[in-house]
Amino acid sequence: MMLRVVASLAILVSGLMAGSAYAHPALQASNPGQDATVPPPKEVRLTFSENVIPKFSGLTIKDSRGALIQTESPSIDPNDKRQLVVPIVKSLSAGIYDVEWHAVSADTHKVKGHFSFKVSQ
């Protein structure tokens, strides 16, 4: 009987450990959103499923010619540590912009992705 209890606990613990080992932050939303047409944004805001570390997270924005758009250092929204906020230095002109992002969660998992948005004027 004791062996059966120990075996059951071992299976339960290994299942819990495996579940947490594969958890990664997932991008839940962005502002501007994927393929959205927006007025010139002052920032890009990414919302993840977990808290992220701004020191190890960030993004690059490029215009349709591939020119890099200047941004400020990423920070976390003080009211929601799942939101990475990256201010844009200069107003964006009309056109399509590509965003390449990367994020490291509080448990050190790294993810990356890409989306585009359009600025209208």
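Visitor: Which residues in the largest nonpolar core touch the most other members?

Guide: Leu46, Phe48, Leu59, Ile61, Trp101 and Phe117 do, out of 21 residues in that core. Strands β3, β4, β7 (80-87), β8 (95-104) and β9 (110-119) each supply at least two of the core residues. Keep in mind that this is a predicted model: local features need pLDDT of at least 70, side-chain atom pairs count only at pLDDT 80 or more, and totals for chains, interfaces and linings use all residues. Residues are numbered from 1 along each chain as its sequence is written, and side-chain values use heavy atoms, leaving out hydrogens and water.

Visitor: What makes a set of residues a nonpolar core?

Guide: The members must be buried Ala, Val, Leu, Ile, Met, Phe, Trp, Tyr or Cys, joined through side-chain atoms within 4.5 Å.

Visitor: What makes a run a helix or a strand?

Guide: Both are DSSP runs, numbered from the N terminus: a helix is H or I with at least four residues, a strand is E with at least two. This chain has one helix and nine strands. The helix comes at the start of the pattern, α-β-β-β-β-β-β-β-β-β.

Visitor: Why is Ser57 called buried?

Guide: Buried means under 20% relative accessible area, exposed means over 50%, and partly exposed lies in between (1.4 Å probe, protein chains only). Ser57 has 5% relative accessibility, so Ser57 counts as buried. Ser57 sits in the loop between β3 (43-48) and β4 (58-62). Of the 121 residues in the chain, 31% are buried.

Visitor: Which residues does Ser57 touch?

Guide: Contact means heavy atoms within 4.5 Å. Leaving out residues up to four places away in sequence, Ser57 touches Val52, Pro74, Leu84, His102, Ala103 and Val104.

Visitor: Why is His24 called partly exposed?

Guide: The relative accessible area of His24 is 40%, so His24 falls in the middle class. His24 belongs to the loop between α1 (2-21) and β1 (27-31). Not counting neighbours within four places in sequence, His24 contacts Ser49, Glu50, His109 and Val111. The C-alpha atoms of His24 and Val104 are 8.9 Å apart, although 80 residues separate them along the chain.

Visitor: How many aromatic pairs does the structure hold?

Guide: It holds two. In one, Phe48 and Trp101 have centres 5.3 Å apart and planes at 65°.

Visitor: What makes that pair edge-to-face?

Guide: Rings of Phe, Tyr and Trp (its six-membered ring) pair if their centres lie within 6.5 Å; planes under 30 degrees apart are stacked, over 60 edge-to-face, and the rest tilted. With 5.3 Å and 65°, Phe48 and Trp101 therefore form an edge-to-face pair. Phe48 is in strand β3 and Trp101 in strand β8, so the pair ties together parts 53 residues apart in sequence. Both Phe48 and Trp101 are buried.

Visitor: Why is the pair of Tyr97 and Phe117 called stacked?

Guide: Their centres are 5.7 Å apart and their planes 25° apart, so this pair meets the stacked cut-off. Tyr97 lies in strand β8 and Phe117 in strand β9, so parts 20 residues apart in sequence are tied together.

Visitor: How do you know whether Tyr97 is buried or exposed?

Guide: Tyr97 has 3% relative accessibility, so Tyr97 counts as buried. Phe117 has a relative accessible area of 1%, so Phe117 is buried too.
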